[in-house]
Amino acid sequence: MRVYKILFVCMGNICRSPAAEAVMKHLIDNEELTSKIECDSAGTISFHTGEPPDHRMHTAAQNRNIQTGGQARQIQKSDYNEFDLILTMDEDNYHNVQSMAPPTSYTAEIKKFCNFISESTETEIPDPYYGGSKGFEIVLDLLEDGCSSLLEYARKKIK
């Protein structure tokens, strides 16, 4: 059986997308699905490449017993065929991911993360980088909501 692979994408890959990856991995671990569902994160820009997640996001996630990690990277052409689903955090990232796609066909579905949110009317995951600590909490609330629905979506794909 093939592993279902999800890639979360924001602009710099230091706040929203690594937090989404961490939340999803936390859910996958709790459901003992690590052999069936994998996830990663990337950014549409390379400015933060090699950096760890923002310390404020790391702290906010850690307060919820969610561990962030990894290093920022930019989305690559190979990701469009390596991953089954690419989820973007906002409208700009959605358009950037589409415009960065290989000119020939690719296998990944590209969707907006907010399509999976059920407890809010938000259409974008707000970038908390320039705000205060409350912004990181709001982002995590949205990510936890969306990742719960996303896990159910992924379960259907692995059956």
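**A parallel sheet and what packs around it**

Four strands make up an open sheet in this predicted model, lined up in the order β2-β1-β3-β4 with parallel pairing. Helices and strands here are DSSP runs numbered from the N terminus (H or I over at least four residues for a helix, E over at least two for a strand), and two strands pair if DSSP finds at least two bridges between them. The edges belong to β2 (37-43) and β4 (109-112); each has a single partner strand, so one side of each goes without a neighbour in the sheet. From one strand to the next, the twist averages 25°. Angles run from 0 to 180 degrees between N-to-C directions, using axes that are lines fitted to C-alpha atoms, for helices over the stretch in contact.

A word on the numbers: residues count from 1 along each chain as its sequence is written, and side-chain values use heavy atoms, with hydrogens and water left out. Because the model is predicted, local features need pLDDT of at least 70 and side-chain atom pairs count only at pLDDT 80 or more, while totals for chains, interfaces and linings use all residues.

Strand β1 has partners on both sides. It pairs with β2 in the parallel sense over seven bridges, and there C10 sits opposite G43 of β2. With β3 (residues 85-88), strand β1 (residues 4-10) also runs parallel, joined by four bridges; V9 has T88 as its bridge partner in β3. Helix α5 (residues 133-158) packs on the sheet, where it touches β1, β2, β3 and β4, and its direction makes about 150° with that of β1. Contact here means heavy atoms within 4.5 Å. Helix α1 (residues 16-30), in turn, lies across β1 and β2 and runs at about 170° to β2.

How many residues of β1 are buried? Seven of the seven are, so the strand is largely enclosed by the rest of the structure. Buried means under 20% relative accessible area, exposed means over 50%, and partly exposed is in between (1.4 Å probe, protein chains only). In a regular strand, side chains alternate between the two faces of the sheet. In β1, Y4, I6, F8 and C10 point one way, while K5, L7 and V9 point the other way.

Next comes the nonpolar interior. A nonpolar core is a set of buried Ala, Val, Leu, Ile, Met, Phe, Trp, Tyr and Cys residues joined through side-chain atoms within 4.5 Å. The largest one has 40 residues, and the members touching the most others are I6, F8, M24, F113, I125, L143 and L150. At least two residues come from each of β1, α1, β2, α2, β3 and α5, with α5 giving the most, eleven residues. Leaving aside residues up to four places away in sequence, I6 touches M24, I37, E38, C39, D40, F83, L85, L87, L150 and A154. There is also a second, separate core of twelve residues, including A42, Y80, F83 and V97.

Four aromatic pairs turn up in a search of the whole structure. Rings of Phe, Tyr and Trp (its six-membered ring) pair if their centres lie within 6.5 Å; planes under 30 degrees apart count as stacked, over 60 as edge-to-face and the rest as tilted. In one of the pairs, the rings of F116 and Y153 have centres 5.2 Å apart and planes at 70°, so the pair is edge-to-face. It ties together distant parts of the chain, 37 residues apart: F116 is in the loop between β4 and α5, and Y153 is in helix α5. F116 is buried, at 9% relative accessibility.

The loop between α2 (55-62) and α3 (79-82) holds T68, and Q71 is in the loop between α2 and α3 too. T68 is buried at 12% relative accessibility, whereas Q71 is exposed at 61%. The side chains of T68 and H58 share a polar contact of 2.6 Å. Such a contact is a pair of N or O atoms within 3.5 Å; within protein, one must be able to donate a hydrogen and the other to accept it, and residues adjacent in sequence count only if both atoms are side-chain atoms. Not counting residues up to four places away in sequence, T68 touches A22, P53, H58 and A61, while Q71 touches N13, G50 and E51.
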